[in-house]
Amino acid sequence: AFDAAGNSTVSASVSATVSNTSSDTTAPATSLTAPAASATLSGTTTLTATASDNVGVTKVEFWEGATKLGEDITSPYSYDWNTTTATNGAVSLTAKAFDAAGNSTVSASVSATVFNTANAVPTVNLG
C-alpha cells in the first residue's frame, strides 16, 4: 500500500488453495415411474421419472435403448413420446439424471411393448 507521500508497506502473506474441480462426487438418484413395466404403448405416451441429488438435479433424459427421446429440466420430470415413430415391438426405457457437476445415473430399465395399428404388419389368411 502507498500513502500520499509515497511511503509503502507490504502486508503479511496469506495462504490459499485454489481448486477448479468440483467437490460434488455424489451422483443423483433416479427412477422411471411411468409407463409401468410390461405396458403396451401406442400413440403419444408420457414418460415420467423422479430424480434427487445432494446438490441439485439439472436435467433428466429419457431413453429408448440407445436412442435419446428427449429431456426435461424441471421437476416433475416428464417427456411426451410419440410412439408412432417407433417400430412395433419390445422396448427398453430408462431415465438418466444429471447434476451440475456432471455426475449422472441411469435408472433401472422398464420393458414395454409398442403397438400402433398403423405400424402393424398385416396378416393374410389364405385358408
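User: In this predicted model, is glutamate 71 buried, partly exposed or exposed?
Analyst: The relative accessibility of glutamate 71 is 35%. Buried would need a value under 20%, and exposed a value over 50%. Because 35% lies in between, glutamate 71 counts as partly exposed.

User: With which residue of strand E4 does glutamate 71 form a salt bridge, and how many residues apart in sequence are the parts that the pair ties together?
Analyst: The partner of glutamate 71 is lysine 59, with the closest N and O atoms 3.7 Å apart. Glutamate 71 lies in strand E5, whereas lysine 59 belongs to strand E4, residues 57-64. The pair therefore ties together parts whose separation in sequence is 12 residues.

User: How does lysine 59 count in terms of exposure?
Analyst: Lysine 59 has a relative accessibility of 22%. The buried class ends at 20% and the exposed class starts over 50%. Lysine 59 therefore counts as partly exposed.

User: Glutamate 61 forms a salt bridge with lysine 68; which of these two residues counts as buried?
Analyst: The closest N and O atoms of this pair are 3.5 Å apart. Lysine 68 has a relative accessibility of 38% and counts as partly exposed. At 6%, under the 20% cut-off, the buried residue is glutamate 61.

User: Which residues are joined into one network by salt bridges that share partners?
Analyst: Lysine 68 also forms a salt bridge with glutamate 71, and their closest N and O atoms are 2.6 Å apart. Lysine 68 pairs with glutamate 61 as well, and glutamate 71 with lysine 59. Through these shared partners, the network consists of Lys59, Glu61, Lys68 and Glu71.

User: How many salt bridges does a search of the whole structure find?
Analyst: Among them are the pairs glutamate 71 with lysine 59, glutamate 61 with lysine 68 and lysine 68 with glutamate 71. For the whole structure, the search gives a total of four.

User: Which residue in the loop between E1 and E2 has a positive phi although it is not a glycine, and is it buried or exposed?
Analyst: The residue is serine 38, located in that loop, and its phi is about 70°. Its relative accessible area is 64%, which is over 50%. Serine 38 is therefore exposed.

User: Which proline in the loop between strand E5 and strand E6 is joined to a serine by a cis peptide bond, and what is omega there?
Analyst: The loop between E5 (67-72) and E6 (77-82) holds proline 76. A cis peptide bond joins proline 76 to serine 75. The omega of this bond is about 0°.

Definitions and conventions. Residues numbered from 1 in each chain as written. Predicted model: local features only at pLDDT ≥ 70, side-chain atom pairs only at ≥ 80, totals over all residues. Heavy atoms only, no water. Helix = DSSP H or I, 4+ residues; strand = E, 2+ residues; numbered from the N terminus. Buried < 20%, exposed > 50% of the residue type's maximum accessible area, 1.4 Å probe, protein only. Salt bridge = Lys/Arg side-chain N within 4 Å of Asp/Glu carboxyl O.
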